[in-house]
Amino acid sequence: QVQLVESGGGLVQPGGSVRLSCVGSGIIFRIYAMGWYRQAPGKQRESVASITTDGRTNYADSVKVRFSISRDNAKNTVYLQMNSLKPEDTDVYYCKPLTYFAWGQGTQVTVSS
């Protein structure tokens with residue numbers, strides 16, 4: 001059974017930073033490109049960042065320069081470093097293999113003073 005467990009969210013002040021983690025189990029993690037997504041209530045889930053098996057990265061225009069995705073295949077973990085956070089980054093963040101349909105429970109990030 002595939003499990004994805006996101007963590008690291010919380011309440012952050014504007015301009016602050018947070019690092020999200022996503023641990024995968026039940027899949028051969030290293031063979032999948034991984035992505036981070038976010039969703040606000042009433043809105044569609046959107047892609048934030050992705051990383052290929054060999055470490056190439058891609059970002060949504062809204063987070064370029066501010067966010068950084070990385071992975072540690074030995075730990076079956078993908079990370080999202082989020083810097084210079086803005087109130088509009090407030091969302092539930094999810095990770096997912098790009099070519100496998102499985103979602104975790106997400107982790108809430110709230111950017112507010």
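These questions and answers cover the strands of a predicted model.

Reader: In what order do the six strands of the open sheet lie?
Author: The sheet is open and its pairing is mixed. The order is S2-S10-S9-S4-S5-S6.

Reader: Why is one side of strand S2 and of strand S6 left without a neighbour in the sheet?
Author: S2 covers 10-12 and S6 covers 57-59. Both stand at the edges of the sheet. One side of each is left without a neighbour because each has a single partner strand.

Reader: What does the twist average from one strand to the next?
Author: The sheet in question is the open one of six strands. From one strand to the next, its twist averages 25 degrees.

Reader: Which residue in S6 is the bridge partner of Ala 49?
Author: Strand S5 spans residues 46-51 and runs antiparallel to S6. Three bridges join the two. In S6, the partner of Ala 49 is Tyr 59.

Reader: Is strand S8 mostly covered or mostly open, and how many of its residues are buried?
Author: S8 runs over residues 77-82. Buried means under 20% relative accessible area. By that cut-off S8 is mostly covered, and the buried count is five of six.

Reader: Which residue in S8 stands opposite Ser 21?
Author: Strand S3, residues 18-25, pairs with S8 over six bridges. The sense is antiparallel. Opposite Ser 21 stands Tyr 79.

Reader: Which residue in the turn between S7 and S8 has a positive phi?
Author: Strand S7, residues 67-72, is joined to S8 by six antiparallel bridges. In S8, Val 78 stands opposite Arg 71. S7 and S8 form a hairpin with four residues between them. The turn residue with a positive phi, about 50 degrees, is Asn 76.

Definitions and conventions. Residues are numbered from 1 along each chain as its sequence is written. This is a predicted model: local features need pLDDT of at least 70, side-chain atom pairs count only at pLDDT 80 or more; totals for chains, interfaces and linings use all residues. Side-chain values use heavy atoms; hydrogens and water are left out. Two strands pair if DSSP finds at least two bridges between them. Axes are lines fitted to C-alpha atoms, for helices over the stretch in contact, and angles run from 0 to 180 degrees between N-to-C directions. Buried means under 20% relative accessible area, exposed over 50%, partly exposed in between (1.4 Å probe, protein chains only).
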